[in-house]
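Please open the model in your viewer and keep the sequence panel beside it. The tour below moves from one selection to the next and says what is to be found at each stop.

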Amino acid sequence: MRNFDERSITAAVCERVAQASDPHARQISDALVRHLHDFVREIEPTQEEWSQAIAFLTRTGHMCDANRQEFILLSDALGVSMLVDALNHRLPGGATETTVLGPFYVQDPPELPLGANISPGLEGVPLLVTGAAAGSPLAGATVDVWHSDGDGYYDVQQLDDDHGLAMRARLRTAQNGAFHFWMIMPAAYPIPNDGPVGEMLAAQGRHPYRPAHVHFMIAAPAHEQLVTHVFVEGDAYLDSDVVFGVKDSLIRPFAEMSAGIAPDGAQIDQPYRHLHYDFVLAPQRHTA
Ligand code: BEZ
Ligand code: FE
């Protein structure tokens, strides 16, 4: 095998990777080589441009640490995360739709009782979130919630001696599947754009914003784990979310409420907002 040209090189590499004993590795390698070679043939990069592409990926890797995952951002901003999500969630009708996890989830967040304020001491308009997790009513389901502050930062982006985990919690649904908690109104925010993904967005003439949303991860035995958000109706970025995560079924009014007795019985002395969303988890597809 010698003397390859710009066409025959692809078949030669595919033939080589066809020797892999693992059929999955073989299939993935074959598709990778074919699509990558086609991409390069279409673009016809100069040597300098190819070096720049490799430098871009190198900078992306160097940007990653325990609190910053630039490769996830890249996957999100190119729509790949939502594509993988769609391929993996061909759910039965009635189940709540999924959307992107994003880079700011923390495993095993602090557990708080139903009714807790998960963002105490933060400035903003109070928001009461009520809802239920159903398959049949799911008692004791874990409901992980997280959101950014009014400036668009998540706690994990500013952890230091003065700032610990905040604006996130794990709640457990009551006997009837219901849950409720307080937070502050989320705001639209830019995804981190001071790195290679920001450079890419600028080159593509795109803004870096996500519409305001609250993240949920809900898990219960014998059900598919649900990873989703609820978006604020009327947000200016619903049609241009930088990570392509918006679905109509996930948009809700965050109703304006006057001071008084809130639906959870709390006495609130200022105007606040109320979001209600009932989540439906799909039955588990594969049991271990
Ligand atoms: C988020 O909503 O937290 C998020 C999702 C994708 C990229 C960046 C942030
Ligand atoms: Fe978010």
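Begin by selecting strands β1 and β13, which pair in the parallel sense over 8 bridges; strands here are DSSP runs of E with at least two residues, helices are runs of H or I with at least four, both numbered from the N terminus, and two strands pair if DSSP finds at least two bridges between them. This is a predicted model, in which local features need pLDDT of at least 70 and side-chain atom pairs count only at pLDDT 80 or more, while totals for chains, interfaces and linings use all residues. Residues are numbered from 1 along each chain as its sequence is written, chains are lettered from A and ligands numbered from 1 in the order in which they are written, and side-chain values use heavy atoms, with hydrogens and water left out.

**The sheet around β1**

Within the β1 and β13 pairing, label Gly131, whose bridge partner in β13 is Tyr277. Then turn to β4, which pairs with β1 in the antiparallel sense over 7 bridges, and where Phe181 stands opposite Val129. Colouring β1 (residues 126-134) by accessibility shows that 8 of its 9 residues are buried, so the strand is largely enclosed by the rest of the structure; buried means under 20% relative accessible area, exposed over 50%, and partly exposed in between, with a 1.4 Å probe and protein chains only.

Next add β10, which pairs with β13 (residues 272-280) in the antiparallel sense over 3 bridges, and label Glu256 together with its bridge partner in β13, Arg273. With these selections shown together, one sees an open sheet of 4 strands in the order β4-β1-β13-β10, with mixed pairing. Its edge strands are β4 (178-184) and β10 (255-257), each of which pairs on one side only. The twist averages 25° from one strand to the next, where axes are lines fitted to C-alpha atoms (for helices over the stretch in contact) and angles run from 0 to 180 degrees between N-to-C directions.

**Aromatic rings**

Now show the side chains of Trp182 and Tyr272, which form a tilted aromatic pair, 5.6 Å centre to centre with 55° between the planes. Rings of Phe, Tyr and Trp (its six-membered ring) pair if their centres lie within 6.5 Å, and planes under 30 degrees apart count as stacked, over 60 as edge-to-face and the rest as tilted; by this rule the count comes to 11 aromatic pairs. Trp182 belongs to strand β4 and Tyr272 to strand β13, so that pair links parts of the chain 90 residues apart. Trp182 is buried, with a relative accessible area of 9%, and Tyr272 also counts as buried, at 3%. Extend the selection to Phe179, Phe181, Phe216, Tyr277 and Phe279, which ring pairs link into a cluster.

**The iron site**

Which residues are the protein donors of the iron ion (ligand 2)? Select Tyr154 (OH), Tyr189 (OH), His213 (NE2) and His215 (NE2), which lie 1.9 to 2.1 Å from the ion; donors are N, O and S atoms within 2.8 Å of the metal (3.2 Å for Na, K and Ca), and since water is not among the atoms, sites may look incomplete. Around the iron ion, 6 donor atoms subtend angles of 54 to 164°, which makes the arrangement irregular. Four donors count as tetrahedral if all angles lie between 85 and 135 degrees, while four count as square planar and six as octahedral if opposite donors are over 155 degrees apart and all others between 65 and 115, anything else being irregular.

Tyr154 lies in the loop between β2 (142-146) and β3 (168-172) and His213 in strand β7 (residues 213-219), so the two tie together parts that are 59 residues apart in sequence. Both Tyr154 and His213 are buried.

**The second sheet**

From His215, step across to its bridge partner in β8, His229; β7 and β8 (residues 226-232) run antiparallel and are joined by 6 bridges. Widening the view brings in an open sheet of 5 strands in the order β3-β2-β7-β8-β9, with mixed pairing.

**Zooming out**

Finally, display the whole chain, with its 6 helices and 13 strands. The domain assignment, which is automatic or from a database, gives domain 1 (1-44) and domain 2 (70-280), with C-alpha centres 41 Å apart. As a last stop, select Ala25 in helix α2 (residues 23-43), which is partly exposed at 31% relative accessible area.
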